[in-house]
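Reader: I'm new to this one and would like to go through it with you. Could you show it to me, and explain the terms as we go?

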Amino acid sequence: MTHSERLTAFVALGQLLSRLPEEELASLTSRARNQNAWFDTPNVESAIRGVAGLLSEDSLRHWAARYPAEPATPRQIGVVMAGNIPLVGFHDALCVLLSGHTLLAKLSKDDTVLMQWILEQLKRLEPRFADQIQIADRLNAADAFIATGSDNTARYFEYYFGKKPNIIRRNRTSVAVLTGREEAHDLGLLGEDIFRYYGLGCRNVSKLYVPHTYDFTPLLDSLQPWHHIPDHHKYQNNYDYNKSILLVNRVPHLDTGFLLLTESAQLVSPISVLHYSTYSNEVDLVDQLTDVAAQTQCIVSGGGQWAGSFPFGRAQRPAVSDYADGVDTMAFLAELA
């Protein structure tokens with residue numbers, strides 16, 4: 001297969017996803033939720049729309065043109081995929097296959113239904129991909145590795161994969177910068193960054209940075225459209241548990257009935273909890289963000305005004321060139337000898 005043929009297949013996959021029949025989508029989401037209770041219909045549909053967006057022809061061709069069309073030597077790339085949110089491993093699969101390498105995919109036990117389905121759709125659209133896609137329990141045959149996991153599993157990955165070229169990803173989360181001058185509409189969009197996928201993704205906002213004098217009332221009012229999120233029993237269980245911990249320990253907090261906000265220096269917050277820290281001026285804010293840069297996946301701000309940030313509501317809609325942990329996966333694959 002040529003680079004152009006591979007790219008055409010991915011464009012066709014994006015078109016298929018964007019017009020997936022309702023009956024097929026309903027069946028797919030039902031099977032995904034039976035495997036992983038967090039993968040409910042709204043979140044599976046959101047993930048599929050996100051992948052379809054990645055595969056829009058213009059953006060895909062413009063992105064791919066930045067890299068060599070063919071590898072110097074095709075390699076077998078072992079990819080250990082996460083399963084915290086639906087189809088989170090797809091971007092790595094896209095990079096490996098489009099760059100002309102063979103994908104050895106170790107799927108997460110929490111996301112086999114969706115990943116196997118989407119790879120099967122790709123092979124159906126371009127049967128020659130069957131020779132380049134392998135689902136594997138062991139990655140001994142791999143020439144290089146891309147692995148995503150927690151800080152604990154990263155140590156395991158480094159031990160087993162460290163002697164070969166690798167990208168190893170650890171825990172990260174995302175933050176929001178607020179000034180107090182945001183419009184209600186913008187604050188409402190922030191709800192998508194906080195609640196989509198129930199806060200389980202590395203691109204979910206788990207912490208806010210607000211001025212010392214920040215008034216939380218407009219924000220809390222703007223987040224009310226998400227009041228239904230405790231309808232998911234697992235989210236409700238987390239909310240009840242974390243609320244009881246805050247109450248027993250007499251930790252000051254704000255409570256919307258579905259989200260708990262508390263001041264904390266910690267970057268990562270539990271499900272249903274949002275941490276915040278205050279800043280006195282821009283220099284103070286820059287210092288705080290610099291301190292947590294290595295653990296931050298992305299920053300969001302009103303209209304994307306903060307340098308290097310995404311606009312509110314866009315954290316879960318990265319472009320195809322927005323690489324996890326800021327590491328250019330395509331460049332890594334192109335440089336393999």
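Author: Sure. Keep in mind that this is a predicted model. Let's start with Arg196, whose side chain makes a polar contact with the side chain of Asn43, at 3.1 Å.

Reader: What makes that a polar contact between Arg196 and Asn43?

Author: The distance is 3.1 Å, and the cut-off for such a pair of N or O atoms is within 3.5 Å. Arg196 itself is in the loop between α8 and β7. Beyond its close sequence neighbours, up to four places away, Arg196 touches Pro42, Asn43, Ser46, Gly191, Asn204, Trp226 and Gln316.

Reader: Is Arg196 buried or exposed, and how do you know?

Author: Its relative accessible area is 12%. Buried means under 20%, so Arg196 counts as buried.

Reader: Let's turn to rings. How many aromatic pairs does the structure hold?

Author: There are 14 aromatic pairs. One of them joins Trp38 and Tyr198, with 5.3 Å centre to centre and 50° between the planes.

Reader: Why is the pair of Trp38 and Tyr198 called tilted?

Author: Stacked needs planes under 30 degrees apart and edge-to-face needs over 60. The angle here is 50°, so the pair of Trp38 and Tyr198 is tilted.

Reader: What does this pair tie together?

Author: Trp38 lies in the loop between α2 and α3, and Tyr198 in the loop between α8 and β7, so the pair ties together parts that are 160 residues apart in sequence. Both rings belong to buried residues: Trp38 has a relative accessible area of 14% and Tyr198 one of 11%.

Reader: And what about Phe195 and Phe258: how do you know they pair?

Author: Their centres are 5.8 Å apart, and the limit is within 6.5 Å, so they count as a pair. With planes at 50°, this pair is tilted too. Phe195 is in helix α8 and Phe258 in the loop between β8 and β9, 63 residues apart. Phe195 is buried at 3% relative accessibility, and Phe258 is buried at 2%.

Reader: What makes you say that the charge of Arg203 sits over a ring?

Author: The charged end of Arg203 is 4.8 Å from the centre of the Phe310 ring. The distance limit is within 6 Å, and the direction must be within 35 degrees of the ring normal. Arg203 is listed as sitting over that ring.

Reader: Last one: which residues have the most contacts inside the largest nonpolar core?

Author: Phe10, Trp63, Phe90, Ile118, Leu190 and Leu208, in a core of 92 residues. Apart from that core lies another, of 11 residues, including Leu139 and Phe157.

Technical notes: Residues numbered from 1 in each chain as written. Predicted model: local features only at pLDDT ≥ 70, side-chain atom pairs only at ≥ 80, totals over all residues. Heavy atoms only, no water. Phe/Tyr/Trp six-rings, centres within 6.5 Å; stacked < 30°, edge-to-face > 60°. Helix = DSSP H or I, 4+ residues; strand = E, 2+ residues; numbered from the N terminus. Buried < 20%, exposed > 50% of the residue type's maximum accessible area, 1.4 Å probe, protein only. Polar contact = N/O pair within 3.5 Å; in protein donor to acceptor, adjacent residues only side chain to side chain. Contact = heavy atoms within 4.5 Å. Core = buried A, V, L, I, M, F, W, Y, C linked by side-chain atoms within 4.5 Å.
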